[in-house]
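Work through the exercises below with the sequence and the model side by side, and try each task before you read its solution.

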Amino acid sequence: MIDNNIKNNINEHISQDKKIEKEELLESNSTADNIIDPKNDQIVKLKIKLAQLKEHERDTILRLTAEIENIRRRNAQEIEKIHKFGLERFMFELLPVIDNLERTLNISDHSNASLSAIIEGIELTLKSFLDTVCKLGLESIHEIHVPFNPEIHQAISMVESEDQNPNQVLTIIQKGYILNGRLIRPAMVTVSRAKC
């Protein structure tokens, strides 16, 4: 859309120019009525052509101004998208690192005293890593016992359950992730179904 101030200024100039053109045409017509001269007839035709050219120029200026405003708006939207989602591919490549650190912690022998320092180091590294990617807009999809949502979940299997309502997420096989509101990987889940 054209800025209202620009539009008002252009409309004012258009109305003033039209008023002047009408007055000039009336003057030239009254002069042409008094004196029949081929030169005056040619002057009237040229003035009409000039008025048409001015109108065409105004239309062109309005269209170009609107196009410039549209280009500015589109560029601002593109820049915003680049800022929001420029890291999408990079974050997607980091997800296996997060998965591997979490798997390492899950299979580690927490009862072994000689591994406790290593396990603690891995936990701190994973926490620091997750804090950093969260600051950049990455959120994990890891909730269980919530309704299955096909937009963020990918069902791997369905399991009969008496405890849960049908279509509830029972377990997360692999976490899903969302970057600034856009899904970059769905969560792989098992889903409950009614007992037959």
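The exercises that follow concern a predicted model, and each task is answered step by step.

**Exercise 1. Describe the order of the elements along the protein, and state what share of its residues is buried.**

Solution. Begin by counting the elements, which gives four helices and six strands. Next, read them from the N terminus on, where the order is α-α-α-α-β-β-β-β-β-β. Finally, turn to burial: of the 196 residues of the protein, 23% count as buried, where buried means under 20% relative accessible area.

**Exercise 2. Examine helix 3: how does its span fit the expected value, and where does the helix bend?**

Solution. Helix 3 covers residues 88-107, and its 20 residues reach 29 Å from the first C-alpha to the last, which is close to the 28 Å expected at 1.5 Å a residue. The axis nevertheless bends by about 25° at L94, and a proline, P96, follows within four residues. As a further step, look at the residues of helix 3 that are buried, among them M91, L94, L95 and I98, together with the charged-pair partners of the next exercise, D99 and E102. The cover over the buried residues of helix 3 includes helix 4 as well as strand 1, strand 3, strand 4 and strand 5.

**Exercise 3. Which side chains form salt bridges with D99 and E102, and how far apart in sequence are the partners?**

Solution. Take D99 first: its side chain meets that of R185 in a salt bridge, at 2.8 Å from N to O. R185 lies in strand 5 and D99 in helix 3, so this pair ties together parts that are 86 residues apart in sequence. Both partners are buried, R185 with a relative accessible area of 11% and D99 at 7%.

Now take E102, which forms a salt bridge with K175, the closest N and O atoms being 2.9 Å apart. This pair also links distant parts of the chain, since K175 sits in the loop between strand 3 and strand 4, 73 residues from E102. E102 counts as buried at 15% relative accessibility, whereas K175 counts as partly exposed at 24%.

**Exercise 4. What separates D131 and K127 along helix 4, and are these residues buried or exposed?**

Solution. D131 and K127 form a salt bridge whose closest N and O atoms are 3.1 Å apart. Because the two residues are four apart in helix 4, about one helical turn separates them. For accessibility, D131 is partly exposed at 36%, while K127 counts as exposed at 51%.

How values were computed
Residues are numbered from 1 along each chain as its sequence is written. This is a predicted model: local features need pLDDT of at least 70, side-chain atom pairs count only at pLDDT 80 or more; totals for chains, interfaces and linings use all residues. Side-chain values use heavy atoms; hydrogens and water are left out. Buried means under 20% relative accessible area, exposed over 50%, partly exposed in between (1.4 Å probe, protein chains only). The expected span of a helix is 1.5 Å times one less than its number of residues. The bend at a residue is the angle between axes fitted to the seven residues ending there and the seven starting there. Contact means heavy atoms within 4.5 Å. A salt bridge is a side-chain nitrogen of Lys or Arg within 4 Å of a carboxyl oxygen of Asp or Glu.
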